[in-house]
Amino acid sequence: MVNYVLFETASGYALFERVQSEEIGAKLEEVQKTVLDLARFGKMIKLKSFAPFKSAAHALENANDVSEGVVNDHLKAFLEMNLPKPSKKVKVELGVSERNLAGSIKAVLGYDCQTNDMVQELVRGIRLHADKLLRQLKEGDLERAQLGLGHSYSRAKVKFNVNRSDNMIIQSIALLDQLDKDINTFSMRVREWYSWHFPELVKIVNDNYQYAKLACIIKNKSNLSEEHLESLEEVLDDESRSKQILDAARSSMGTDISDVDLINIENFAERVINLSDYRKKLHEYLVSKMNHVAPNLAVLIGEMVGARLISHAGSLTNLCKYPASTVQILGAEKALFRALKTKGNTPKYGLIYHSSFIGRAGAKNKGRISRFVANKCSIASRIDAFSDTPTTKFGEALKKQVEDRLAFYESGIAPSKNADTMKKVVMELSGEGDDADDEDIMEIDHSSAKKRPTTDEDEDESPRKKKKEKKAEKEEKKDKKDKKRDKEGKKEKVEKKEEKVEKKEKAEKKEKKKEKKSKE
């Protein structure tokens with residue numbers, strides 16, 4: 001039975017003593033309505049002590065500790081001062097709203113803590129009537145303290161967010177995907193718009209970025225002359241195509257356009273060019289960010305695919321928590337649930353499909369290589385998430401393993417083991433393998449392997465091994481005996497059959513002789 005209730009406010013800690021309350025019929029409507037009435041609820045509990053926080057920073061520190069389930073020194077001193085020491089005669093049970101904090105209080109101070117429905121109901125009532133129950137506070141003090149603490153707590157959570165560098169990757173990859181769609185639609189609009197004036201240019205130039213640049217250079221096709229050839233060659237890097245454009249402009253079937261229309265087309269084409277340039281800069285930023293945050297994952301599977309995996313998981317820490325089987329189908333959730341619903345074949349890969357490894361594998365080996373790549377991606381993400389010094393050595397070694405696996409599927413050359421590969425990289429990073437070449441990282445030197453010295457555990461295991469060997473020998477002997485019996489049984493059966501056949505033949509001969517005699 002709960003004797004005391006701890007209530008955490010934005011102003012400080014409050015300890016209430018439970019005087020009387022209904023525990024058996026706590027879920028009845030009539031009993032629950034008593035919480036809403038201050039006169040009746042005031043008889044159930046009374047304030048024992050209140051310890052205000054010293055400052056806003058002190059309040060923030062205690063709020064962080066409560067959210068993480070840690071007993072602050074201020075809370076510890078407050079409870080030790082106001083709660084009686086538990087003994088056989090006096091049983092003290094403290095009601096706490098936070099389950100993690102209750103476990104910490106029990107571990108640190110030794111008080112039995114409860115977080116059941118009864119405690120939550122009492123805390124609900126205290127929170128409802130906190131202004132009047134806490135008489136030390138003036139009217140409006142609690143609301144102002146809650147507002148200030150809420151702002152500072154949220155600010156601290158955003159400022160000290162572990163995934164703040166991951167968020168930049170997530171936002172930049174999302175913007176890149178959006179820019180790709182927008183640039184594609186805008187460039188198609190430029191092509192369609194300018195084709196009314198110069199329709200032949202579409203067939204000569206396929207690239208959208210080059211087309212927009214040429215539209216700004218050419219403008220009115222009738223003014224295009226040999227003086228413009230140099231500027232055309234700068235964009236196209238091809239003399240023959242620039243001459244082809246000049247010839248097409250002279251015999252073009254397009255309509256004439258006014259200067260105002262050309263200005264609008266030119267402005268829109270410049271926007272498309274600016275967007276394309278910004279897209280290149282954003283891609284460079286994403287590559288540098290990925291090399292800083294997840295270098296091994298970027299080296300293994302590429303910056304774009306790695307960024308999409310981080311974005312889909314939510315953060316690098318979330319991605320490293322996923323098993324390899326989840327990483328394999330990350331991005332193919334719809335196909336997975338559709339397959340489960342229709343009892344069809346589940347997808348073999350999700351976002352990983354965009355990596356070059358799966359495209360290089362044969363049709364039979366696509367599923368196998370995707371499973372292998374997902375395994376290496378989960379290892380690389382864990383190394384990136386938990387390593388103190390970022391390095392690309394592990395990513396390079398893992399990439400070489402995937403290359404070896406692809407070669408194994410084609411030629412049958414056995415790849416190196418993962419444990420040996422990781423050991424080589426660790427040795428190289430520690431400075432012991434500085435003289436080793438990059439090719440030797442993946443090779444295994446079996447000749448240098450030494451047998452470890454025998455220990456007491458090995459001596460204990462040796463009689464067990466002997467027993468197992470004896471059992472195996474007995475089973476082999478039994479199998480041999482059974483085989484011999486089977487052979488002997490088969491021989492007996494064959495002999496019996498032959499005897500029966502001989503008896504039949506003799507009987508038939510006797511009958512024939514009797515028939516002959518009877519005829520004579």
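The following exchange concerns a predicted model of a single chain.

Q: How many helices and strands are there in the chain?
A: The chain of this predicted model holds 24 helices and five strands.

Q: What is the strand order in the sheet?
A: The five strands form an open sheet in the order S3-S2-S1-S4-S5, and the pairing is mixed.

Q: Which are the edge strands?
A: Strand S3 (45-52) and strand S5 (112-114) are at the edges, each pairing on one side only.

Q: And what does the twist average?
A: From one strand to the next, the twist averages 25°.

Q: In which sense do S1 and S2 pair, parallel or antiparallel?
A: Strand S1 (residues 4-8) pairs with S2 in the antiparallel sense, over five bridges. Val5 has Phe16 of S2 as its bridge partner. The two strands form a hairpin, with three residues between them.

Q: How many bridges join S2 to S3?
A: Seven bridges join them, and the two strands run antiparallel. Leu15, for instance, has Ser49 in S3 as its bridge partner.

Q: Is S2 mostly covered or exposed?
A: Strand S2 (residues 12-18) is mostly covered, with six of its seven residues buried.

Q: What about S4 and S5: parallel or antiparallel?
A: Strand S4 (residues 93-95) pairs with S5 in the parallel sense, over three bridges. Gly95 stands opposite Gln114 in S5.

Q: Changing topic, what share of the chain is buried?
A: Buried residues account for 36% of the 520 residues. The accessible surface of the chain is about 34,400 Å², and 50% of that belongs to carbon and sulfur atoms.

How values were computed. Residues are numbered from 1 along each chain as its sequence is written. This is a predicted model: local features need pLDDT of at least 70, side-chain atom pairs count only at pLDDT 80 or more; totals for chains, interfaces and linings use all residues. Side-chain values use heavy atoms; hydrogens and water are left out. Two strands pair if DSSP finds at least two bridges between them. Helices (H or I, at least four residues) and strands (E, at least two) are DSSP runs, numbered from the N terminus. Axes are lines fitted to C-alpha atoms, for helices over the stretch in contact, and angles run from 0 to 180 degrees between N-to-C directions. Buried means under 20% relative accessible area, exposed over 50%, partly exposed in between (1.4 Å probe, protein chains only). Accessible areas come from the Shrake-Rupley method with a 1.4 Å probe; for residues, only the protein chains shown count as cover.
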